[in-house]
Amino acid sequence: MTIYNDLLNHKKVIDQTHLKDLFENDPQRFNKFHAEFQDMLLDYSKNKITDETFSLLLKLTDEACLKEAISDMFEGKRINTTENRPVLHIALRNRSNTPIYVDGKDVMPEINKVLDQMHAFSDKVRSGKWKGATGKEIKDIVNIGIGGSDLGPKMALEALGFYTTSKLNFHFVSNVDGTDITQTLNKCDPETTLFIVSSKTFTTQETMTNAQTAKDWLSVHLGEKATKNHFVAVSTNTKAVKAFGIDTKNMFVFWDFVGGRYSLWSAIGLSLMIGIGYDGFIELLEGAHEMDMHFKETSFDKNLPVILALMGIWNTTYLGAESYAVLPYDQYLDKLPLYLQQLDMESNGKSVKKNGKPVDYSTGPILFGTAGTNGQHSFYQLIHQGTHMVPADFIAPIYSLNETGLHHDILLANVIAQSEALMKGKTAEELKAEGVDEELIPFKTFTGNRPSNTLLFEKMTPKALGRLIALYEHKVFVQGVIWQVNSFDQFGVELGKQLAKAVLPELLNKKQKLKHDSSTNALIEKIRNLRN
């Protein structure tokens with residue numbers, strides 16, 4: 001990787017440069033380092049880059065054959081090499097309906113068929129035509145899933161809360177901790193509750209344990225035959241769905257070319273479609289499709305996902321950032337950082353290249369965040385004055401959907417000021433000029449020189465959310481290509497789950513001999529002794 005070494009050498013020059021000086025020396029800096037698409041504006045000028053940095057980073061895309069990788073994804077090639085699968089979440093929102101082939105078969109007719117099935121079902125629930133076993137309309141929707149089957153629709157329903165029907169209440173159960181399902185069922189009436197069980201295999205332990213508890217609860221009140229009126233499934237396992245007692249006419253399929261963390265656009269989004277309606281869901285897909293086309297067709301120097309990815313690579317692999325904050329200044333987007341944690345960290349939290357060899361550079365960073373301005377009174381202290389450099393993405397709509405006095409103006413003032421403060425900092429000389437006590441100056445000094453991106457868009461709509469999520473999906477993809485890792489498998493989640501299956505019978509049977517290490521054995525013994 002010759003460009004990799006060139007960037008390492010270039011880093012030595014950048015290390016001697018302060019962001020504030022870069023702005024003072026170049027009045028055109030913002031004009032050079034921002035990009036726009038539709039109503040989105042990405043300001044990446046507050047990163048520690050120069051013209052040379054950006055040029056070198058763009059050369060990384062050539063060296064990694066990014067253009068070819070993008071084409072391979074859109075053409076349905078099996079780019080998930082370890083699982084020998086295509087990666088086609090882009091097909092789920094392909095509103096142009098251009099044929100996309102997998103092994104010579106166009107996948108679009110089947111995708112459209114499921115979308116039509118979702119449309120018909122969601123309309124029935126929203127209109128009250130779908131009735132429970134006692135003839136009453138549905139009032140509560142409980143989505144039972146985990147990972148992408150939970151985080152996606154839950155985040156999107158909150159993000160689009162302004163557009164969600166007030167006739168229905170939505171609940172999400174994911175944790176196998178019995179408290180999660182118990183607290184949810186306590187809020188529901190069995191006669192008016194509909195459960196959506198989302199599991200591709202219909203064998204996921206956490207999901208099926210919660211689903212069985214919900215079924216038992218329903219059966220106690222209405223009898224087991226009521227299952228067909230109160231349960232639907234999002235799955236590919238017809239046999240298991242039928243055995244559970246769900247009418248397979250009410251099973252919504254999705255495909256192995258859709259990873260869990262990319263499945264919001266599929267039938268996994270059924271609860272979302274019920275919430276915002278078919279037209280709102282289509283708008284979401286349209287927004288994502290617009291970003292897909294921008295990503296596929298726009299030159300890399302003006303391509304929002306590519307630019308965002310390159311800034312992340314520069315900060316992580318070259319400047320040594322180990323974490324990364326996503327800071328949406330919109331209460332509707334409060335769960336976006338949680339959603340992006342899975343998208344980013346499950347995709348690129350890898351230490352082995354596609355060729356099976358270890359990486360010798362930093363890949364996916366630790367992602368965290370929360371809605372502003374709450375974070376300002378929480379972890380921003382570390383971002384501003386801590387020993388770790390934490391790059392940040394500030395995200396904000398220009399217009400609020402709930403204009404109330406000066407609230408949104410104050411919010412926008414804060415998001416702009418925070419990025420400026422991280423860039424500029426405050427020197428000891430400035431503090432002296434302000435008359436700050438000499439002893440306090442070290443504590444009130446801000447080094448600045450801390451990178452951030454700012455992403456502005458007009459207002460939160462289904463289309464805007466679609467663009468935003470697709471932007472980050474493609475950003476993660478680009479980083480995986482350049483880091484040479486497979487962004488679409490997640491073997492790291494499996495080992496602990498496999499070991500748990502061995503530990504469970506040992507917890508239940510006090511006589512079973514333990515053969516683990518001393519720590520694991522002691523923990524099991526402690527729990528067995530107390531629970532028995």
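Let me start with helices α21 and α22, which in this predicted model cover residues 494-508 and residues 518-531 respectively. Their axes come within 9 Å of each other and cross at roughly 40°, and because an angle under 35 degrees would count as roughly parallel while one of 65 to 115 would count as roughly perpendicular, the two helices are described as oblique to each other. The crossing in which α21 passes α22 is right-handed. If you look at where they touch, Val503, Glu506 and Leu507 on the α21 side meet Ile524, Ile527 and Arg528 on the α22 side, and the residues of this contact divide into four nonpolar and two charged, with no polar ones.

Now please turn to the sheet. There is an open sheet of six strands with mixed pairing, and its order reads β1-β2-β13-β12-β10-β11. Which strands stand at the edges? They are β1, residues 34-37, and β11, residues 366-368, and each has a single partner strand, so one side of each is left without a neighbour in the sheet. On average, and with direction ignored, neighbouring strands of this sheet are turned by 15° against each other.

Within that order, I would point out the pairing of β2, residues 40-43, with β13, residues 452-457, since these strands run antiparallel and are joined by three bridges. To find your way there, you can take Leu42, whose bridge partner in β13 is Leu455.

Next come the helices that lie across this sheet. Helix α15, residues 336-348, lies across β10, β11 and β12, and runs at about 165° to β11. Helix α17, residues 407-424, lies across β12 and β13, and its direction is about 160° from that of β12.

Finally, α15 also packs with another helix, α20, which covers residues 462-483, and the axes of these two come within 10 Å and cross at roughly 20°. Why is this pair called roughly parallel? The crossing angle of roughly 20° falls under 35 degrees, and therefore α15 counts as roughly parallel to α20. This crossing, too, is right-handed. From α15 the contact involves residues including Leu336, Tyr339, Leu340 and Leu343, while from α20 the participants include Leu468, Ile469, Tyr472, Val476 and Trp483. The residues of the contact of α15 with α20 divide into nine nonpolar, four polar and three charged, and among the charged ones you will find Asp344 of α15 together with Glu473 and Lys475 of α20.

Notes. Residues are numbered from 1 along each chain as its sequence is written. This is a predicted model: local features need pLDDT of at least 70, side-chain atom pairs count only at pLDDT 80 or more; totals for chains, interfaces and linings use all residues. Side-chain values use heavy atoms; hydrogens and water are left out. Axes are lines fitted to C-alpha atoms, for helices over the stretch in contact, and angles run from 0 to 180 degrees between N-to-C directions. Helices (H or I, at least four residues) and strands (E, at least two) are DSSP runs, numbered from the N terminus. Angles under 35 degrees count as roughly parallel, over 145 as roughly antiparallel, 65 to 115 as roughly perpendicular and the rest as oblique. A crossing is left-handed if the near helix is turned anticlockwise from the far one by less than a right angle, and right-handed if clockwise. Contact means heavy atoms within 4.5 Å. Two strands pair if DSSP finds at least two bridges between them.
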